[in-house]
Amino acid sequence: MMSLPPARRFDWSNLAIRVASATVLVPAVLGAVWFADYPGLSWLFLVLVAVAVALLAIEWGAMTAPHAPIRVSTALTVAILAGAFLAHSGHMPLAWGAAALGAIAAALVARGVAERPTNAAFGVIYLAIPVICLVWLRWMPEGRQWTVLLFVVAWAADIAAFAVGSALKGPKLWPKFSPNKTWSGLIGGLIAAAGAGVAMAAFSDIVLSLQAGALIGLVGGLATMAGDLWESMLKRRFGVKDSGDLIPGHGGLLDRVDGLMFAAVVLAAARLINHLGWAN
């Protein structure tokens, strides 16, 4: 039997590693999101956020500040967690203010150790905005449902884009920065994300119409793809293949949540529109 040419082969070994990693990570993440409403367990979600922020800051420091990664990473962690904890306490203006001041402080730290201050400041902004949005989303009314919606939409988009793009190939989406991503993967990811939004609206207790679920899923999926492409561009700029090697089959944590971060901002905006009744 004639084998497929190398460009058409599906990387099943990499898929198996990805599935194994997801089998460990997905229950842990959803468990922290779901059980945080139970008495005495609200700390679960905050611990998840704090650990993720520390790991993301470490990866950003290693990627952008090779001569003093620990100091830059520490500055980023403190700045971002300050905003996250203020958001958790319901002080949103202070949370955004802390992120802005944290960006300035991180830039000063980077400058003091002969690293690029703009990279440190951008790292705070890049990571703090989705983290604050995520924390706000989780502690809003129906926060558990909306946070699960966020993860389901982003994961559906990411998984479908990988599977469809690997199987069908076709024209490249943005070969200059991400040679492996294709238009077929983009379309497959968007369809899956919209379907995930409809499924959540239909079968969960979230208060959304099917049309709203489809629209939120579609826009959230598009944001997921945009975040993935943005991260690819950043890695190309800093001359690295992956942000780290923390997660087998995925690279670093930043490689895994790049699309989720953009989707968190979009879902938070959708939740705000829903909360204020602007969509009624």
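## Rings, a hairpin and a nonpolar core

Three residues make up the hairpin connection between β1 and β2. Before we go further, please keep in mind that this is a predicted model. Strand β1 covers residues 172–174 and strand β2 covers residues 178–182; the two run antiparallel and are joined by two bridges. Across the pairing, Lys 172 faces Thr 182 in β2.

Now to the aromatic side chains. How many aromatic pairs does the structure hold? There are eight. A pair of rings is described by the distance of the centres and the angle of the planes, and the table gives these values for two of the pairs.

| Pair | Centre to centre | Angle between planes | Class |
|---|---|---|---|
| Trp 60 and Tyr 126 | 5.7 Å | 55° | tilted |
| Phe 122 and Tyr 126 | 5.5 Å | 10° | stacked |

The pair of Trp 60 and Tyr 126 counts as tilted because its planes stand at 55°, which is neither under 30 degrees nor over 60. Trp 60 belongs to helix α2 (residues 43–64) and Tyr 126 to helix α5 (residues 117–138), so this pair ties together parts that are 66 residues apart in sequence. The pair of Phe 122 and Tyr 126 sits within helix α5, where the two residues are four apart and therefore separated by about one helical turn.

Is Phe 122 buried or exposed? With a relative accessibility of 30%, Phe 122 counts as partly exposed. Tyr 126, at 7%, counts as buried, and Trp 60 is buried too. Trp 60, Phe 122 and Tyr 126 also belong to one aromatic cluster, together with Trp 230 and Phe 238.

Two arginines meet tryptophan rings. Arg 138 places its charged end over the ring of Trp 139, 4.9 Å from the ring centre. Over the face of Trp 34 lies Arg 144, at 4.0 Å from the centre of that ring.

Finally, the interior. In soluble globular proteins, nonpolar side chains tend to be buried together. Here the largest nonpolar core has 77 residues, and the members that touch the most others are Leu 76, Trp 146 and Leu 149. Helix α5 gives the most to this core, with 13 residues.

Which residues does Trp 146 contact, leaving aside neighbours within four places in sequence? Its partners include the nonpolar residues Leu 137, Ile 206, Leu 208, Ile 216, Leu 267 and Ala 270. Arg 271 and Asn 274 are also in contact with Trp 146.

Key: Residues are numbered from 1 along each chain as its sequence is written. This is a predicted model: local features need pLDDT of at least 70, side-chain atom pairs count only at pLDDT 80 or more; totals for chains, interfaces and linings use all residues. Side-chain values use heavy atoms; hydrogens and water are left out. Rings of Phe, Tyr and Trp (its six-membered ring) pair if their centres lie within 6.5 Å; planes under 30 degrees apart count as stacked, over 60 as edge-to-face and the rest as tilted. Buried means under 20% relative accessible area, exposed over 50%, partly exposed in between (1.4 Å probe, protein chains only). A charge sits over a ring if NZ of Lys or CZ of Arg is within 6 Å of the ring centre and within 35 degrees of the ring normal. Two strands pair if DSSP finds at least two bridges between them. A nonpolar core is a set of buried Ala, Val, Leu, Ile, Met, Phe, Trp, Tyr and Cys residues joined through side-chain atoms within 4.5 Å. Contact means heavy atoms within 4.5 Å.
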